Amino acid sequence: MKKLIEKARKFSAKLPPFKFNLENSNSFLRGYSKEKKKGIGEEFWEFKNYIIGDPIKNIDWKKTVKRNEIIIKFKELETSKRVWIWMNKNLSMNYKHSSENETKMERASIIGIILIDIFIRAGENVGIIGSKLGLKNGKENFFHIVKALLECPQSAKDKRIKKGDFIILISDFLETPEKSISMITKISDNICQGLLIQILDNSELNFPFFGRNQFYDPLTGLHKLFNKSELIRKIYIKKMEAHNKKLELLCSKFGWKVIRNINSEGYNSFIKKLYYNF
């Protein structure tokens, strides 16, 4: 754990505290703005784009007609966010093609620790899905949260998650996109917004294999032998691209984002994507 924390903090220490920028967000609160409702006892209201699960009664019809997209009105949000993180620990996450790269599990762990650090420094409340540890904030709880992440239960379900909480799932998401969406819908009984961080090995995208190779699928336990691996390269890449596009499409219907990180890339590429989207 110590080495993972040291490596993660080499990057997170250079970053500003991460606060969800709701007002200018490109994410699930895209179009969010503050406006004052005139009348007796003036109140401040927030506006955002409609996503599945929002109450129909909260639609602001005037703004919906004006912007030509469905706009939801609600009272001002609390300044601190409740963030829940989960990391997949199945066998496929132990894979790496090159000895020069980290395993997907190592990459996922470091990204998770980076997120915990920048959220905690921003004053956000952070919890690990399925962990006995509850939501925590403050620098004194950093190590407790990291430990909970690294011991993260395989089951991504938690009754403590409330509507309006933000969920981050870290995995390779190589199962069918439908299974990933099923997992999202079963995390909590409440409708939540979130982010999928897909960790992949470079070889899982480019398929750099030639000659005779035997491939093993840790999710199904199946083995497959190819005498000329290069002959299936185009077919494999096409299927992988279709898989990832479908995952992104299905997530977008729930108001979720997908950020992809390859273990041959530097962490800066992930950090840029994260800050750009939020």
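**Exercise 1. Place strand β4 in this predicted model: how many of its residues are buried, and which strands does β4 join?**

Solution. Strand β4, residues 82-87, is mostly covered, since five of its six residues are buried. Turn next to the neighbours. Strand β5, residues 125-128, runs parallel to β4 and is joined to it by four bridges, and within this pairing Arg 82 stands opposite Asn 125. Strand β6, residues 166-171, also runs parallel to β4, and here five bridges make the connection, with Trp 84 standing opposite Ile 167. Finally, follow the chain from β4 to β5: together with helix α3, residues 104-121, these two strands make a β-α-β unit that is right-handed.

**Exercise 2. Which geometry does the aromatic pair of Phe 142 and Phe 143 have, and is each ring's residue buried or partly exposed?**

Solution. The structure holds four aromatic pairs. In the one formed by Phe 142 and Phe 143, the ring centres are 5.2 Å apart and the planes meet at 80°, which makes the pair edge-to-face, because a plane angle over 60 degrees is the cut-off for that class. As for burial, Phe 142 has a relative accessibility of 1% and therefore counts as buried, whereas Phe 143, with a relative accessible area of 44%, is partly exposed. A charged residue completes the picture of this site, as Arg 9 lies over the face of Phe 142 at 4.0 Å from the ring centre.

**Exercise 3. Explain why the pair of Phe 207 and Tyr 236 ties together parts of the chain that are apart in sequence.**

Solution. Begin with the geometry: the two rings are 4.7 Å apart, centre to centre, with 35° between their planes, and the pair is tilted. Then locate the partners. Phe 207 lies in the loop between α6 (202-206) and β8 (213-217), while Tyr 236 lies in helix α7, so the pair links parts that are 29 residues apart in sequence. Phe 207 is buried at a relative accessible area of 5%, but Tyr 236, at 26%, is partly exposed. With Phe 209, these two residues form one aromatic cluster.

**Exercise 4. Where does Asn 244 lie, is it buried or exposed, and which residues does it touch?**

Solution. Asn 244 lies in helix α7, which spans residues 233-252. Its relative accessibility is 6%, so Asn 244 counts as buried, the cut-off being under 20%. Leaving aside residues up to four places away in sequence, Asn 244 touches Gln 198, Leu 200, Leu 205 and Arg 260.

Terms used:
Residues numbered from 1 in each chain as written. Predicted model: local features only at pLDDT ≥ 70, side-chain atom pairs only at ≥ 80, totals over all residues. Heavy atoms only, no water. Buried < 20%, exposed > 50% of the residue type's maximum accessible area, 1.4 Å probe, protein only. Contact = heavy atoms within 4.5 Å. Pairing = 2+ DSSP bridges. Right-handed = clockwise from strand over helix to strand, strands pointing away. Phe/Tyr/Trp six-rings, centres within 6.5 Å; stacked < 30°, edge-to-face > 60°. Lys NZ or Arg CZ within 6 Å of the ring centre and 35° of its normal.
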